[in-house]
Amino acid sequence: ISKRMIEDGRRRLVLRGPLDLPFPVRCLQGTADTAVSTETALRLLNHASCVDMRLHLVKDADHRFSDETCLKLIETSVTELL
């Protein structure tokens, strides 16, 4: 973690002001993610203005979201939006 990364993150805080997303959004979240909490994902879902926004929770998936089940969900979600 660098000072530059922290400063960049502060410039991109999306929960502090309106967040209008004029396109479909899929949020994929593991319940075992220790970097981004499920609570934060739910706050984002409730905060954003979006006609088609979905949050997929995957039990016991961590922040890497890289096992076979998670990778398939990523592929399916991207394909659905294309």
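Me: What share of the contacts in the protein chain with a separation of 6 or more comes from residues 24 or more positions apart?
Reply: Happy to start there, and keep in mind that this is a predicted model. A contact here means heavy atoms within 4.5 Å. Among the contacts with a separation of 6 or more, the part that joins residues 24 or more positions apart is 73%.

Me: Which pattern do the helices and strands of the protein chain follow along the sequence?
Reply: Let's take stock of the elements. The protein chain holds three helices and two strands. Reading along the sequence, you meet them in the order α-β-α-β-α.

Me: How many bridges join strand E1 to strand E2?
Reply: Find E1 at residues 25-30 and E2 at residues 53-58, two strands that run parallel. One pairing to look for is Leu28, whose bridge partner in E2 is His56. The number of bridges joining E1 to E2 is six.

Me: What is the handedness of the β-α-β unit made by E1, helix H2 and E2?
Reply: Follow the chain from E1 through helix H2, residues 38-47, to E2. With the strands pointing away from you, a clockwise path from the first strand over the helix to the second counts as right-handed. The unit made by E1, H2 and E2 is right-handed.

Me: How many of the six residues of E1 are buried?
Reply: A residue counts as buried when its relative accessible area is under 20%. Over the protein chain of 82 residues, 21% count as buried. E1 is mostly covered, and its number of buried residues is five.

Me: Is Phe65 buried or exposed?
Reply: Phe65 sits in the loop between E2 and H3. Its phi is near 50 degrees, a positive value in a residue other than glycine. The relative accessible area of Phe65 is 8%. Since buried means under 20%, Phe65 is buried.

Me: And is Asp60 buried or exposed?
Reply: Asp60 also belongs to the loop between E2 and H3, and its phi, near 70 degrees, is positive in a residue other than glycine. The relative accessible area of Asp60 is 60%. The cut-off for exposed is over 50%, so Asp60 is exposed.

Me: What distance separates the C-alpha atoms of Leu42 and Leu55?
Reply: Start from Leu42 in helix H2, a residue that is partly exposed with a relative accessible area of 37%. Along the chain, Leu42 and Leu55 are 13 residues apart. In space, their C-alpha atoms are separated by 7.8 Å.

Me: What distance separates the C-alpha atoms of Lys72 and Val14?
Reply: Look for Lys72 in helix H3, residues 68-81. Lys72 is partly exposed, with a relative accessible area of 49%. Lys72 and Val14 are 58 residues apart along the chain, and their C-alpha atoms are separated by 28 Å.

Me: How far apart are the mean positions of the positive and negative charges of the protein chain?
Reply: Lys and Arg count as positive here, and Asp and Glu as negative. That gives the protein chain 12 positive and 12 negative charges. The distance between their mean positions is 8 Å.

Me: What part of the area that the protein chain exposes do carbon and sulfur atoms supply?
Reply: The C-alpha trace spans about 35 × 30 × 20 Å along its principal axes. The protein chain exposes about 6,500 Å². Of that area, the part supplied by carbon and sulfur atoms is 54%.

Terms used
Residues are numbered from 1 along each chain as its sequence is written. This is a predicted model: local features need pLDDT of at least 70, side-chain atom pairs count only at pLDDT 80 or more; totals for chains, interfaces and linings use all residues. Side-chain values use heavy atoms; hydrogens and water are left out. Helices (H or I, at least four residues) and strands (E, at least two) are DSSP runs, numbered from the N terminus. Buried means under 20% relative accessible area, exposed over 50%, partly exposed in between (1.4 Å probe, protein chains only). Accessible areas come from the Shrake-Rupley method with a 1.4 Å probe; for residues, only the protein chains shown count as cover. The place of a charge is taken as NZ of Lys, CZ of Arg, CG of Asp or CD of Glu. Two strands pair if DSSP finds at least two bridges between them.
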